[in-house]
Amino acid sequence: MRNLKIAAAAVLCVVMLLGLVGPFRLVKKPATSSENFSSEAVEPPEDIWAPYEETVVITTMGEENSGTAFQGDDDYQNNPWYQAYKDRFNIDLHNKWISNDYGTKLNLSIADADIADVFYVDSARLTTLYNAGLIMNLDDVFDRYASDTLKGYWEENKDTWETGCFDGSLYGIPQMSYGIIDQFEYIWIRQDWMQECGFDEPETMDDVIEIATTFAKKYGGYGLAEDQNLDNFFRIALSWGAHPGIWLEQEDGTLGYGSIQPEMKEALAQYAEWYQEGILNQNFTTMDSDKMFQDMINGKCGVIPFAQWFSYNPLPDVISNQGPEAIFYPYEIPTQDGSEIKGSVKFNNGGYVVISNNCKNPEAAMKIVNFFCYMMDNAVEGGEETEFIYSLYDNNYPNIVRGTRVINPMTDYNQYIQIKDAVDRYLAGEEVDISDLGKNVSKFNSCVNWVENQDPNGIGDWLQQGNDRSTYGIAKEYVDNKQYVQDAMWGAQTPTLQSAGSTLNDILIEGFTKIIIGDQPIDYFDTIVEQWLAAGGEQATAEINETYN
């Protein structure tokens, strides 16, 4: 079994190493498939970028994605990604199955020990596969075959890559995410009302509340938006130095849960006062996020604490209903005294690429993984290459290869720099060569579409990265200055959190809601903490300290 694991490791390393260099050609012929699924072992070419002399077939398992807009005759088996593997490497990637319930189907495959050569799993299934001896140790393979780009991801994100290791050896390649620049929270304020009322940028939370209450008095509705899950309360709690939802180092050196710390009690007391004063929506306990958004769309509220994707939903509908002047801009969540705010950053990893011990040509899997890294970070536009890149990234096509992709965590950070520079040059009257933007050209076009036509479909990208006051512009400063607190639970949830996590969250939401609406006094917070600890929180805390401290 040990030999099988080593062989599997070789597979994964090969998959990762074979990044692609040089131009690509668009080829119209369909990708081939094989009823035999897996090839017998084939001697790999010495050059990790070179194709096999004979066709190599490897298998994968995939997940349906409703956001993928297949073009022409494309489908999950025949598409530009799979065709590129065949044209460039002479690799036929064959789908054992594609399911709209990937988790359930994967569990059945694992139970039957009938897994594909290369696919992706979450942390829990990674552990299951490792314990069952079904996947490869990737140490040797990664060392021999991983591309420089992929090795760079590991070097720059060691703490995340360690979560794919057992006993110091790599078994699952972290797929990572598009970056922590996506994670920060903001105060969104409606601009036409702000200008009409003569307000400047808020510097303290008192300024935010003055703006919110003025809006409510002048335009009707209420001051701050909230829903029954208290999502916005947890966002705005940052103003008091609280960091709900993540694990923090305490004064005694142990790790504690941010949602039950004293700072949360302070935030909760103020939130309850705002509710009693009518600043919060009095009906928030019966509102889901859709109903809350509908109030924004109908002009009943002009201030909301929210994440960066507010500009994608519901803001386009706000603009369509209220007009382009009803644009909301993002601001930093201010502290109580105007001091520097710190955001919260959670562990965010899309899964792990694994290779079966039965894979005969693991280096082929590495070529495919490296190909994605190459296209994301190293591909050079020009001529047919530009068209080829568009064919891979348009229509949400990267989701076709969900199981074999590894994402650069600096992707959105680098994208912001590129898009903002291009938009600035466009606004200055300079000519912008969109071929220089590669896969990011659609975001640039969206920004231009908003500027020229005030098309609501362009407002999301404009406020995320094209505007001088954009969410990514604010977040870039957080990242550059390390202006955030990182979750100590940098990896998988411990057993108690996996089994009782939703119950523990419900205890907090239900208890906090009782305090906010006045059914319980603020000191009931201490009772809530006791209930949380008794329901599994104490055991979860012990596990977190044992695992991550």
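Visitor: When do two strands count as paired, and what is the bridge partner of Met61 in strand 2?

Guide: Two strands pair if DSSP finds at least two bridges between them. In this predicted model, strand 1 (residues 56-63) and strand 2 pair in the parallel sense over 8 bridges. The partner of Met61 in strand 2 is Trp97.

Visitor: Which helix makes a right-handed β-α-β unit with strand 1 and strand 2?

Guide: Strand 1 and strand 2 are paired in the parallel sense. The right-handed β-α-β unit that they make includes helix 2 (residues 80-89).

Visitor: Why is strand 2 described as largely enclosed by the rest of the structure?

Guide: A residue is buried when its relative accessible area is under 20%. Strand 2 covers residues 91-99, and it is largely enclosed because the buried residues number 7 of the 9.

Visitor: Which strands are the edge strands of the open sheet with the order 3-13-6?

Guide: The sheet has 3 strands, and their pairing is antiparallel. An edge strand here pairs on one side only, and this holds for strand 3 (118-121) and strand 6 (173-174).

Visitor: In strand 13, what is the bridge partner of Val118?

Guide: Strand 3 and strand 13 (residues 352-355) run antiparallel and are joined by 4 bridges. In strand 13, Val118 has as its bridge partner Ile355.

Visitor: Which helix gives the most to the largest nonpolar core?

Guide: The largest nonpolar core has 119 residues, and Phe119 is among those with the most contacts inside it. Outside its neighbours within four places in sequence, Phe119 contacts residues including Met61, Leu129 and Val354. With 8 residues, the helix that gives the most to this core is helix 20 (residues 495-516).

How values were computed
Residues are numbered from 1 along each chain as its sequence is written. This is a predicted model: local features need pLDDT of at least 70, side-chain atom pairs count only at pLDDT 80 or more; totals for chains, interfaces and linings use all residues. Side-chain values use heavy atoms; hydrogens and water are left out. Buried means under 20% relative accessible area, exposed over 50%, partly exposed in between (1.4 Å probe, protein chains only). A crossover is right-handed if, with the strands pointing away from the viewer, the path from the first strand over the helix to the second runs clockwise. A nonpolar core is a set of buried Ala, Val, Leu, Ile, Met, Phe, Trp, Tyr and Cys residues joined through side-chain atoms within 4.5 Å. Contact means heavy atoms within 4.5 Å.
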